[in-house]
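I opened this notebook to keep track of what I looked up, entry by entry, in the structure shown below. My interest was in the empty spaces and in the strands around them.

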Amino acid sequence: MAMAEVRTLADVLDALTRPGELYERLPDGSVRCYACGHRCLIRPGRRGICQVRFNRDGVLYVPWGYVAALQVDPTEKKPFFHILPGSYTLTFGMLGCDLHCGYCQNWLTSQALRDPAAGVMPEEITPQQMVSLAKRYRAQLVGSSYNEPLITSEWAVAIFREAVAHGLRCVYISNGNLTREVLEYLRPYLVGYKIDLKSMRDKNYRALGMPLKNVLEGIRMVCESGLWLEVVTLVVPGFNDSDEELREAAEFLASISPDIPWHVTAFHPDYKMTDRDWTPAKTLIRAAEIGKAAGLRYVYAGNLPGRVGPFENTYCPSCDALLIARHGFRILVDHLSGRGTCYRCGTAIPGIWQ
């Protein structure tokens with residue numbers, strides 16, 4: 001009896017592809033991809049840094065037609081604290097990433113084809129089925145996350161186009177290693193963009209897989225584009241938790257706009273970084289206080305519900321009225337939805353409230 005053919009994960013993923021749009025063809029058969037800030041030059045038969053975009057006979061093939069993770073989450077979990085409080089986001093992810101963070105909390109999806117221990121089998125799906133699921137579970141938004149969405153932007157746009165046509169709003173949850181070309185490609189379909197600012201040290205960023213300047217420029221570009229932007233820093237003990245570095249991060253964001261919400265969140269040991277403890281609540285509170293002192297109007301401490309004092313809530317920057325009270329991802333009090341202004345003094349609060 002003939003042995004059954006063994007298909008590797010790479011075989012499966014390579015079959016779930018289509019010719020991409022975010023690239024240029026070069027005379028020697030190579031392609032230049034601009035889905036992310038690496039701008040990979042990919043020779044025929046080779047893959048980009050992400051491992052899931054590849055050159056076949058001078059054409060760039062990109063992931064298409066599947067999800068590797070799919071879940072309906074509170075929008076606050078993304079985290080977006082200034083977009084439709086109490087709403088739900090149908091969140092999907094694919095496989096692959098353009099970085100290789102040692103503490104990645106989604107490494108099973110993000111490090112597929114790079115780490116032999118990573119990877120899950122994809123589930124085929126259509127954009128129409130995705131929108132149907134969003135409607136069934138009463139999600140108001142659709143978001144791409146879990147791996148790095150930039151490297152699967154063509155598929156995301158196919159889903160977002162369908163979602164927008166059915167009255168849904170769309171968001172990206174990304175590391176920010178973007179290019180102007182991919183931002184312009186995504187911009188017609190998005191209302192919000194979350195970026196991770198992982199460090200203010202170029203050495204740290206290069207250890208993760210990209211230069212610091214890429215994410216700083218990405219934050220600038222998203223803010224200038226008019227998309228609603230929120231920024232997250234996972235505070236990792238011994239990696240990026242010094243007062244000096246946290247202050248630099250906060251001051252950089254404040255220089256772009258003091259209205260950018262900054263989330264400082266707790267690290268837990270994961271993947272290849274299990275040699276340090278959880279981030280204590282006092283560190284998050286210290287980071288949040290640094291952010292406020294730097295001039296940021298909306299600073300949040302996450303992942304430790306009930307342990308970070310007032311830094312789960314939204315307050316008016318003018319009169320300090322409590323506008324939204326939260327416990328973790330639960331909304332306890334909401335004076336902003338449908339209004340967008342402080343109920344006490346009338347100050348406009350930036351975000352998407354209706």
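The entries that follow go from pockets to cavities and then to strands, and they concern a predicted model.

**Entry 1: the largest pocket**

I began with the open spaces, since rolling a probe the size of a water molecule over the atoms shows where empty space is left. The largest pocket came out at a volume of about 1,100 Å³. I then asked which residues lie nearest its centre. Of the 43 residues in the lining, these are K78, Q105, N106, K194 and D196.

Next I looked up which elements give two or more residues to this lining, and found β8 (69-74), β12 (169-174), β13 (192-196), β14 (228-235), β15 (262-266) and β16 (299-302). The largest share, three residues, comes from β14, and I marked that strand for a later entry. By class, the lining of the largest pocket divides into 17 nonpolar, 17 polar and nine charged residues.

**Entry 2: the second largest pocket**

I recorded a volume of about 180 Å³ for the second largest pocket. Its lining has 14 residues, and the closest to the centre are K292, R297, N313, Y315 and D320. The elements that give two or more residues here are β16 and β17 (314-315), and I noted that β16 is also listed for the largest pocket. The classes in the lining of the second largest pocket are eight nonpolar, three polar and three charged.

**Entry 3: the cavities**

I turned to the closed spaces and asked how many cavities of 30 Å³ or more the structure holds. There are two of them.

The largest cavity has a volume of about 60 Å³, and I listed its lining as C33, A35, C36, H38, R39, C40, G48, I49, C50, R53 and I151. Sorted by class, that lining has seven nonpolar, two polar and two charged residues.

For the second largest cavity I noted a volume of about 40 Å³ and a lining made of L13, D14, T17, R47, V52, P63, Y66 and L113. Here the classes are five nonpolar, one polar and two charged residues.

**Entry 4: strand β14 and its neighbours**

I came back to β14 and asked whether its residues are buried or exposed. The strand is mostly covered, with eight of its eight residues buried. In a regular strand the side chains alternate between the two faces of the sheet. When I looked up the directions, I found W228, E230, V232 and L234 pointing one way from β14, while L229, V231, T233 and V235 point the other way.

As for its partners, five bridges join β13 to β14, and the two strands run parallel; within this pairing, G192 has W228 as its bridge partner. Strands β14 and β15 also pair in the parallel sense, over five bridges, and V231 stands opposite W262 in β15.

**Entry 5: the sheet β1-β6-β5**

I then followed an open sheet of three strands, in the order β1-β6-β5, with antiparallel pairing. Its edge strands are β1 (17-19) and β5 (54-56), each of which pairs on one side only. Neighbouring strands of this sheet are turned by 40° against each other on average, with direction ignored. Between β1 and β6 (residues 59-63) I counted three bridges in the antiparallel sense, and the bridge partner of R18 in β6 is V62.

On the edge strand β5 I looked at N55 and asked why this residue counts as buried. Its relative accessibility is 2%, and the cut-off for buried is under 20%, so N55 falls within that class. I also found a polar atom of the N55 side chain 3.0 Å from the backbone oxygen of G29.

**Entry 6: the sheet β2-β3-β4**

My last look-up was another open sheet of three strands, ordered β2-β3-β4 and paired in the antiparallel sense. The edge strands here are β2 (23-25) and β4 (41-42), and each pairs on one side only. Three bridges link β2 with β3 (residues 31-33), again antiparallel, and E24 stands opposite R32 in β3.

Definitions and conventions
Residues are numbered from 1 along each chain as its sequence is written. This is a predicted model: local features need pLDDT of at least 70, side-chain atom pairs count only at pLDDT 80 or more; totals for chains, interfaces and linings use all residues. Side-chain values use heavy atoms; hydrogens and water are left out. Two strands pair if DSSP finds at least two bridges between them. Helices (H or I, at least four residues) and strands (E, at least two) are DSSP runs, numbered from the N terminus. Axes are lines fitted to C-alpha atoms, for helices over the stretch in contact, and angles run from 0 to 180 degrees between N-to-C directions. On a 1 Å grid over the protein atoms alone, a cavity is a set of points where a 1.4 Å probe fits but cannot get out, and a pocket is an open set with protein on both sides within 12 Å along at least five of seven lines; lining residues have an atom within 4 Å of a point. Grid points are joined across faces, edges and corners, and a volume is the space filled by probe spheres set on the points. Ala, Val, Leu, Ile, Met, Phe, Trp, Tyr, Cys and Pro count as nonpolar, Asp, Glu, Lys and Arg as charged, and the others, Gly among them, as polar. Buried means under 20% relative accessible area, exposed over 50%, partly exposed in between (1.4 Å probe, protein chains only). A polar contact is a pair of N or O atoms within 3.5 Å; within protein, one must be able to donate a hydrogen and the other to accept it, and residues adjacent in sequence count only if both atoms are side-chain atoms.
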